[in-house]
Amino acid sequence: MGHADGFRPCQCKECAALYGIQPTTKPTDGIAFNNDRAWGEKIWIMHRDLALRLMKDRPGKKVMMTSYGTTLQPPQSFREFP
Ligand SMILES: [Zn+2]
C-alpha cells in the first residue's frame, strides 16, 4: 500500500478532521499544506487499519507498505503494525 506520487490532500472538512488529526496549515498555504505532517499520519493510520482488516479476512497473508514522500516520517501515534 502506498499513496499517489505527487500526493495532493483532499480539502474537504471530513478529511481535515479524519482520525482527529488536524493539519496545521491551510489549502491557501500551497505546498506547505500538501506537505503538512498530518497527512502522513492519517495515511499511516488508514494503512494500519486496512492491515488489521486484512489480517481478519486473510489470516497468514502479508501486506507491504511503502514509506515514501508524505509518509517518510514514521507514524507518531502508534509504534507497531499488526
Ligand atoms: Zn475529503
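A residue is taken as buried if 20 or more other C-beta atoms lie within 10 Å of its own, and as exposed if 12 or fewer do. In this predicted model, Ile43 has 21 other C-beta atoms within 10 Å and is therefore buried. The location of Ile43 is helix α3, where Trp39, Gly40, Glu41, Lys42 and Trp44 are likewise buried.

The protein chain as a whole contains 3 helices and 0 strands, and the order of its elements from the N terminus is α-α-α. Along the principal axes, the C-alpha trace extends over about 45 × 25 × 20 Å. Of the 82 residues in the protein chain, 13% are counted as buried. Among contacts with a separation of 6 or more, 62% join residues that are 24 or more positions apart in the protein chain.

Helix α3 comprises 21 residues, from 37 to 57. At 1.5 Å a residue, a helix of 21 residues should span 30 Å, and because the end C-alpha atoms of α3 are 31 Å apart, the expected and modelled spans agree.

The surroundings of Ile43 were then examined in terms of partners elsewhere in the sequence. When neighbours within four places in sequence are left aside, Ile43 is found in contact with His3, Thr70 and Thr71. Ile43 can also be related to Tyr19, from which it is separated by 24 residues in sequence and by 10 Å in space, C-alpha to C-alpha.

Tyr19 itself is situated in the loop between α1, which covers residues 13–17, and α2. The phi angle of Tyr19 is near 65°, a positive value in a residue other than glycine. With 14 other C-beta atoms within 10 Å, Tyr19 falls between the two cut-offs and is therefore partly exposed.

The loop that follows α2 (31–34) and leads to α3 holds Asn35. Asn35 has 15 other C-beta atoms within 10 Å, so that this residue, too, is classed as partly exposed. Between Asn35 and Pro23, which are 12 residues apart along the chain, the C-alpha atoms are separated by 9.6 Å.

Towards the N terminus, Gly6 is placed in the segment before α1. Gly6 counts as exposed because it has 8 C-beta neighbours inside 10 Å, a number that satisfies the limit of 12 or fewer. Although 64 residues separate Gly6 from Thr70 in sequence, their C-alpha atoms are 8.9 Å apart in space. Thr70 also appears among the residues in contact with Ile43, and this residue of the chain is thus related both to the segment that precedes α1, through its distance to Gly6, and to helix α3, through Ile43.

Key: Residues are numbered from 1 along each chain as its sequence is written. This is a predicted model: local features need pLDDT of at least 70, side-chain atom pairs count only at pLDDT 80 or more; totals for chains, interfaces and linings use all residues. Helices (H or I, at least four residues) and strands (E, at least two) are DSSP runs, numbered from the N terminus. Two residues are in contact if their C-beta atoms, placed from the backbone, lie within 7 Å. The expected span of a helix is 1.5 Å times one less than its number of residues.
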